[in-house]
Amino acid sequence: RVNTEGTPLSRSDLIFSMLKLNWKESAEALPIFIKRVNEGNSFELDTDFVIRCLFAVSDLGSRFDLNLLRKKSNVTKLRANFQQCCDAIRSTVDFVQRECWCSSSRVIGGYNTMVPLVYYLFHTNNHEVRNDQVANVRKGFFVFAFARPFSRYADSRLGRFIRSELKPLADKSDEVFPLEDVVSWVGWWEKIESIEELLQKNILLTLHLVQGLTGAKVQYRRNAPEIDHIFPRSVLRNKEVDEPKISHYANFWVLAKGKNQNKSNRHPAEYFGDVDDKTLKQALIDREFLDYRRYTSFLRKRGELMLQKVKRRLQLSDEEFESYIYEE
């Protein structure tokens, strides 16, 4: 569990080391693939992600179980599936960037959000999403990305969803994406019953969709995006505003790090005074409501506009979402 330099190894590192013993080509192939698949995006995929995907598509579960590599047949299976798994990962990265407008694992709640999509695409024709399934895959991906059910309990939840919902479809070559099952599992795991609750669960993703951002890398550190309170938190607390209202998604927007440092706790009407109207319109911020006396109205109006904009982008209605909710 420690390499020759005395550095403790993670479970995926141990698995990679064991793979290299029986599959020498992987020592070069895996690092090259990881380097190339991370070009042009901020997903920061690593050995952990690739190994988890490889185990998943090989139907060995989603846990980093070293004992599985003690069987030569399992190693043979991993080796045989490696190239197609890499193609499925490439296709997933393309789909998330092109069809879901996201280029950062941080925005989508971690890269484990993409593992079910990798498994699905591994089993589709040419590792592509069928035209009539694009909308359902997009909706399902966003439900996972908003709810972030795999940010914890990834080992058990990923394995259970794949085994229960995706594998039976793959076994009969059915390329219909199980959107209803995605919503049902998320509703059960995370106790989410509405699209509005999804938005509050991942405010960063909400803001990126509203403001038309992707989370792609920036070249200049002061341009790094940061989440900021529109109405400063410190002032709202002094006014004894309830914490849920302070942290409501409608009181946030994304701006550059350099500009955020200059904002401090200035009155929003003052700070937004020199922000151009187009930027405010894109962010759904109405100057007329930048008044502490109208804060509740600001949350209600902007919150509803944000909700409607996200639902349009996802092509997901309240009625459709609620019809899929898991019921005891």
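**View 1. Packing partners of helix H8.** The buried residues of H8 pack against four helices: H6 (134-147), H7 (154-171), H9 (195-201) and H17 (318-324). Contact means heavy atoms within 4.5 Å. Buried means under 20% relative accessible area, exposed over 50%, and partly exposed in between, with a 1.4 Å probe and protein chains only. Helices (H or I, at least four residues) and strands (E, at least two) are DSSP runs, numbered from the N terminus. This is a predicted model: local features need pLDDT of at least 70, side-chain atom pairs count only at pLDDT 80 or more, and totals for chains, interfaces and linings use all residues. Residues are numbered from 1 along each chain as its sequence is written, and side-chain values use heavy atoms, with hydrogens and water left out.

**View 2. Helix H8 and its end.** H8 covers residues 179-190, twelve in number. From first C-alpha to last, H8 reaches 16 Å, close to the 16 Å expected at 1.5 Å a residue. The expected span is 1.5 Å times one less than the number of residues. Nine of the twelve residues are buried, so H8 is mostly covered. Among them are Trp185, Trp189 and Glu190. Leu179, Val182, Val183 and Val186 are also buried, as are Ser184 and Gly187. Just after H8, Lys191 takes a positive phi of about 55°.

**View 3. Cysteines without a disulfide.** The structure holds zero disulfides. A disulfide is a pair of cysteine sulfur atoms within 2.5 Å. Why does Cys85 form no bond with Cys53? The sulfur of Cys53 is the closest cysteine sulfur to that of Cys85, but at 5.4 Å it is too far for a bond. Cys85 counts as buried, at 1% relative accessibility. For Cys102, the closest cysteine sulfur is in Cys100, 6.5 Å away, also too far for a bond. Cys102 is buried as well, at 1% relative accessibility.

**View 4. The whole chain and its start.** The protein has 17 helices and two strands. Of its 328 residues, 52% count as buried. Among contacts with a separation of 6 or more, 74% join residues 24 or more positions apart. The protein exposes about 16,500 Å², 45% of it supplied by carbon and sulfur atoms. Accessible areas come from the Shrake-Rupley method with a 1.4 Å probe; for residues, only the protein chains shown count as cover. Mean pLDDT is 89, and 90% of residues reach 70 or more. pLDDT is the predictor's confidence in each residue, from 0 to 100. Over residues 1-8, pLDDT stays under 50. The model has nine contacts beyond four places in sequence for residues 1-8.
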